[in-house]
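Welcome! Here is a short briefing to read alongside the structure, arranged by topic so that you can find your way around.

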Amino acid sequence: MNHWLVKSEPFKYSWEKFNQDGRTFWDGVRNYQARNNLKLMKEGDLVLFYHSNEGKNVVGIAKVVKEFYQDPTTEDPNWVVVDLAPLEALKTPVTLEQIKAEESLKDISLVRQGRLSVMQLKAEEFDKILEMGSV
């Protein structure tokens, strides 16, 4: 199983809206590295949901429920989506500042490549963020 982090601006698509919907396709990715990460996602993989711009924190855990397919919001075959479903909220959101301050997380893409919207995490990085959010 792989572990991921996806970013969404709360005013565009929030954790609360995601929970109301119960499932969504993850669209709007227009970066090749992020797109390649979507293509690597497998059904059952776990995903951290990160609020970017406002909040700047990891707020919940989701899972991949359908592997990549053509992004229905564009005709361009270069772009794909995966389907995600929410699992649970973190008891305490984990902020970007907390992540940056944690030595074991200094190399994650969230810190190193701030613009990347879909990134892979090592199992121990994923677990550390969950521990910080006391799930």
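## A first look

The largest pocket has a volume of about 700 Å³. Please keep in mind that this is a predicted model. The UniProt record, an unreviewed entry, places the feature "domain: EVE" at residues 2–132. Over residues 2–132, the chain is 27% helix and 37% strand, and the C-alpha atoms at the two ends lie 20 Å apart.

**The largest pocket**

- A total of 23 residues line the largest pocket.
- Which of these lie nearest its centre? They are K7, S8, E9, S52 and S117.
- Sorted by class, the lining holds 8 nonpolar, 8 polar and 7 charged residues.
- Strands β1 (3–8) and β2 (24–25) each contribute at least two residues to the lining of the largest pocket.

**T24 in strand β2**

- T24 has its place in strand β2.
- With a relative accessible area of 15%, T24 is under the 20% limit and therefore counts as buried.
- Beyond residues up to four places away in sequence, T24 touches Y13, F18, V82, D83 and L84.

**The nonpolar core**

- In soluble globular proteins, nonpolar side chains tend to be buried together.
- Here the largest nonpolar core has 37 residues.
- Which members touch the most other members? They are W26, M41, L48, V58 and I129.
- L48 has a list of contacts that includes V58 and I129, and both of these are also among the core residues just named.
- The other residues that L48 touches, again leaving out those up to four places away in sequence, are W4, L5, V6, G60, I61, L121, F126 and L130.

**H51 and the loop after strand β3**

- H51 sits in strand β3, which covers residues 46–51.
- Is H51 buried or exposed? H51 counts as buried, because its relative accessibility of 8% is under 20%.
- Setting aside neighbours within four places in sequence, H51 is in contact with S8, P10, S14, W15, E16, K56, N57 and V59.
- One of those contacts, K56, is found in the loop between β3 and β4.
- K56 counts as partly exposed, at 35% relative accessibility.
- N53 is also placed in the loop between β3 and β4, the latter strand being residues 57–70.
- N53 counts as exposed because its relative accessibility of 52% is over 50%.
- Most residues other than glycine have a negative phi.
- K56, though not a glycine, has a positive phi of about 50 degrees.
- N53 is another residue other than glycine with a positive phi, in this case near 65 degrees.

**L96 in helix α3**

- L96 lies in helix α3, a helix that spans residues 96–101.
- L96 is buried, with a relative accessible area of 10%.
- How far apart in space are L96 and N57, C-alpha to C-alpha? They are 5.6 Å apart, while 39 residues separate them in sequence.
- L96 touches Y50, K56 and L110, not counting residues up to four places away in sequence.

**L105 between two helices**

- L105 is located in the loop between α3 and α4 (109–112).
- Although L105 is in a loop, it counts as buried, at 0% relative accessibility.
- Apart from neighbours within four places in sequence, L105 is in contact with I99, V111, E125, K128, I129 and M132.
- I129, in that contact list, is also one of the core residues that touch the most other members.
- L105 and K66 are 39 residues apart along the chain, and their C-alpha atoms are separated by 28 Å.

**M119 in strand β6**

- M119 belongs to strand β6, made up of residues 118–121.
- At 0% relative accessibility, M119 counts as buried.
- Not counting residues up to four places away in sequence, M119 touches H3, W4, L5, K7, N37, S109 and L110.
- Among these, K7 is also one of the residues nearest the centre of the largest pocket.
- M119 and A85 are 34 residues apart in sequence, with 17 Å between their C-alpha atoms.

How values were computed. Residues are numbered from 1 along each chain as its sequence is written. This is a predicted model: local features need pLDDT of at least 70, side-chain atom pairs count only at pLDDT 80 or more; totals for chains, interfaces and linings use all residues. Side-chain values use heavy atoms; hydrogens and water are left out. On a 1 Å grid over the protein atoms alone, a cavity is a set of points where a 1.4 Å probe fits but cannot get out, and a pocket is an open set with protein on both sides within 12 Å along at least five of seven lines; lining residues have an atom within 4 Å of a point. Grid points are joined across faces, edges and corners, and a volume is the space filled by probe spheres set on the points. Helices (H or I, at least four residues) and strands (E, at least two) are DSSP runs, numbered from the N terminus. Ala, Val, Leu, Ile, Met, Phe, Trp, Tyr, Cys and Pro count as nonpolar, Asp, Glu, Lys and Arg as charged, and the others, Gly among them, as polar. Buried means under 20% relative accessible area, exposed over 50%, partly exposed in between (1.4 Å probe, protein chains only). Contact means heavy atoms within 4.5 Å. UniProt positions are given in the numbering used here, feature names are shortened, and annotations may be inferred rather than shown by experiment. A nonpolar core is a set of buried Ala, Val, Leu, Ile, Met, Phe, Trp, Tyr and Cys residues joined through side-chain atoms within 4.5 Å.
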